[in-house]
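Open the model in your viewer and keep the selection tool at hand. We will go stop by stop.

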Amino acid sequence: MATSTPVRHAWRALIGLLAIIAVLFGINSLGVYAFEKSSWTPELALDLQGGTQVILKANTESGEPSSEQMNQAVTIIRQRVDASGVGEAEVTTEGNSNIVVAVPGKLDEAQRARIESSAQMELRSVLLATGAATTSIGEDGKATPDPADPTLDATPTASPTDGSDLSWLTPKLQAEFLAYDCSKQADLSNAPKDQPLVTCDRADTEDPIAVAQQQKYILGPVELTGNEITDASNGYDQQRGLWIVQLNFNGDGASKFAEVSKRLYGYTTAGDTQRNRFAFVVDGEVISAPTMNGIISDGRPQISGTFTQESSKVLADQLKFGALPLSFSVQSDNVISATLGTQQLQIGLIAALIGLALVALYSLLSYRALGFVIIASLAVMAVITYIVLCILAWRMGFRLSLAGVAGLIVTIGFTADSFIVYFERIRDELRDGKSVIAAVEDGWDRAKRTIYISKSINILCAVVLYILADATVKGFAFTLGLTTLIDILIFVLFTHPVMQLLARTRFFGGGHVLSGMNSEALGAVYAGRAQFKAVETTSSVRGKAARDAKSRGEAARRQTIAERKQAEALAARNGSDSKGGDA
Amino acid sequence: MASMNQLGNDLYTGKTSVPFVGKRNLWFLIAGLLVLVSILVVFLRPPQFSMEFTGGTQFTVSGVAAENLDQGKATEAVRSIAGDVATKVTTVGTDGIRVQTEALEADSSEGASPVQQISEALATAYKVDAAEHVSSSVVGASWGADVTRQSLWGLGIFLALAFVILALYFRTWKMSAAAIIGLLDVLVITFGVYALCGFEISPAAVIGFLTILGYSLYDTTVVFDKIRETTAEQGSASHRTFGESVNLGVNQTLILFIGALGLGAQTLADISLSITVGIIVAAYSTLFVAAPLYSLFRENEPKIKSHDAKVARARERDADVA
């Protein structure tokens, strides 16, 4: 029974691998046939497949924007685009006031909103709120005063003491408020920050229910801006069944917010149902205007508007990466072709095949029949990588650029490198005179450590770069992490189990000349009685045997006492034909 | 391939031994020179960055008839004026062509500037009117300074974390230090080779560099893990000095590199170029810089020093008897 345990383990691992592959194929067929959003080929990036190009023009009142503003806008747009996936978009300035954004595939509404809105967030206290349906007739039945009337007083009678002070409400402002039409929302993104603001809820104009529920506000001056936000994330509020955006203010923002919340909570306890509200205003529109039900002193408020998962993610990303220093409008929106033809991809793939053929050839020459294990492992790796890329294209918008293809090929080459680590360790064990079965187990124990530590360095590299870097480097980090994980998977669930099984065949276990595990050809340093027999029976060339004996003798002389003791102990263990224990 | 096996055997048993550690000072001298030369080369002949980094000139041709919408024509037109410059050609919508090139002179003191000449060549190639349908503008870098800055931050943090993790794994900061110094050596020399040969640095090349970075650290880890095994097995009664143990570990692993070099046969433009240069430098650096450096760090420890001295005395005695 002792020898059959590794065999059982090996079969279990192989069946597990088969199950994983089956599940991956299952997921993708679900994507292809049930959701009709996935495909059996990975999606290609901008350079190989083309996509959509949007030209944004900066809206500036006077002259051209500074190059500093433009560069800042490019950085923010790039971060926003990258946050939506790993599609490798291209963002550049063109001329002095244009920004060109090119993304693979089509650009949907959400993506468009993500790019073009400036996302200036402001927090203002609510002074007055009514339904948006209020028409131009005042509540007293008299005709509403014309806001343009010069006789209306525009300056507060008493100097307002805080953002909730009702002395902000001048007759002129009230006239503006009554005349304001929410269906003709003006661009208020550059409204003065130290003045009150008349605006409405953000509502989907095509949704009649949303329009009916729309509210109109007079808001106090800006109390806090998006610049004080250090982080923003979206999440699902289980209790209320709503998508929310969670904000984190910096220390300064947190203390300002605590002050505001204290003041507004005062109105809540006093029963003022208008002024106990504060408004999150993005680009001049109210996203949400909740009431203050407590004092928030940790600087971590939540916004809950009428979000979907998508729109809450978009807003969180916009707030996280900051507002654009300028507002932009779309100038043109075109389909663009690939810069590299499919011809280049073919050349790349042919090069890849040649490269992999060389790897195969080298493996066969160097490791004889064991080379087939390398080739089979690489083939399994290729299949898993391919199907995972298809799934990721569907779930994460992963796109493969030519550099990405090259990176994948190279990583597959590097995978072969870790097989070399393993096989060399096995051979080291064989040279120490162990049986093939024991050498596979002990070699694995040694190689395992090396492979885990070196691969975890690669994964560390991938994770750090993925979190911190943008654009192409992010894409690279993603591919590196992915292939490294698949590599480890193959190693544990395919290569090692296969070796365990092969070691028990007569061809490999008996150390056939072509098996790559011939202890004679490897010049065993010290062989126990059982192994000497094997060497004698398989040895046919006398000169070679003599040379081996010489090198064995030489090696034995160079052995340390510790090594000799170890070798003797091993010989005793192998002699009793038990399972190779831990090294 | 029997000879390859034999080489592997001899390296393993120590019959054939490449003195990576023994001739340490020579290797350090060579490494120092290489780094110095690389830095000098980078200063004297700064490497060229591609238009993704520097921005460039963009020509837009509109109103092109469908049968003329061939991307190849644009490359020919640009090459006929500006020589061998990199171009990126895209069709825009149904009748437009967008051509991006390296930054070109838009004004010239006499005659038509290159930009004007190319505009005309493009107009001829696509059979449209130059004044009406061809426009040119300056485009910014798609790989801006911010992308570079973020990537460098990422790298710095990665190296710091890798240092800590390796130090914890190997239980000595010395292996970490040797590995990271070896890595920096790889980056400087690879960059130097790039500058020397005048290869253009494109995003694909940068990806290649990053791959090498990961690979180089991977290699060093593999070699150091072998060294760790070898030096751990060495009992206090061992006759080998620490330096020799390190050497044996390195030699045993050399066979891995012969394999890795054979596997480096990737051929895909920029990326394969940087990877080929990088793999060679990485293999060199691990063996000739990182490993000897580690033995240098350890040799000054009192325990190891006394052990080495004991071995040396024992050898002298043996020599006297013989």
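Select chain B. Of its 322 residues, 48% are buried in this predicted model. Colour chain B by secondary structure: 12 helices and six strands appear. Now look at its contacts between residues at least 6 apart in sequence. Of these, 76% join residues at least 24 apart.

Move to chain A and select strands E5, E6, E4, E9 and E10. They form an open sheet in the order E5-E6-E4-E9-E10, with antiparallel pairing. Which strands stand at the edges? Select residues 197-200 and 285-288 of chain A: these are E5 and E10. Each has a single partner strand, so one side of each is left without a neighbour in the sheet. Turn the view to see the twist. Neighbouring strands of this sheet are turned by 50° against each other on average, direction ignored.

Next, select residues 171-179 of chain A. This is helix H5, which packs on the sheet. Helix H5 touches E4, E5 and E6, the last being residues 215-225. The direction of H5 makes about 125° with that of E6(A).

Stay with the sheet and pick E4, residues 121-131, and E9, residues 278-282, in chain A. These two strands pair in the antiparallel sense over five bridges. Click Glu122(A): opposite stands Val281(A) in E9(A).

Last stop: the hairpin of E7(A) and E8(A). Select residues 229-237 for E7 and 242-249 for E8, both in chain A. The two strands pair in the antiparallel sense over eight bridges. Asp237(A) has Leu242(A) in E8(A) as its bridge partner. Four residues lie between the strands, and Gly241(A) takes a positive phi near 65°.

Conventions: Residues are numbered from 1 along each chain as its sequence is written. Chains are lettered from A and ligands numbered from 1 in the order in which they are written. This is a predicted model: local features need pLDDT of at least 70, side-chain atom pairs count only at pLDDT 80 or more; totals for chains, interfaces and linings use all residues. A residue is buried if 20 or more other C-beta atoms lie within 10 Å of its own, exposed if 12 or fewer, and partly exposed in between; C-beta atoms are placed from the backbone. Two residues are in contact if their C-beta atoms, placed from the backbone, lie within 7 Å. Two strands pair if DSSP finds at least two bridges between them. Axes are lines fitted to C-alpha atoms, for helices over the stretch in contact, and angles run from 0 to 180 degrees between N-to-C directions.
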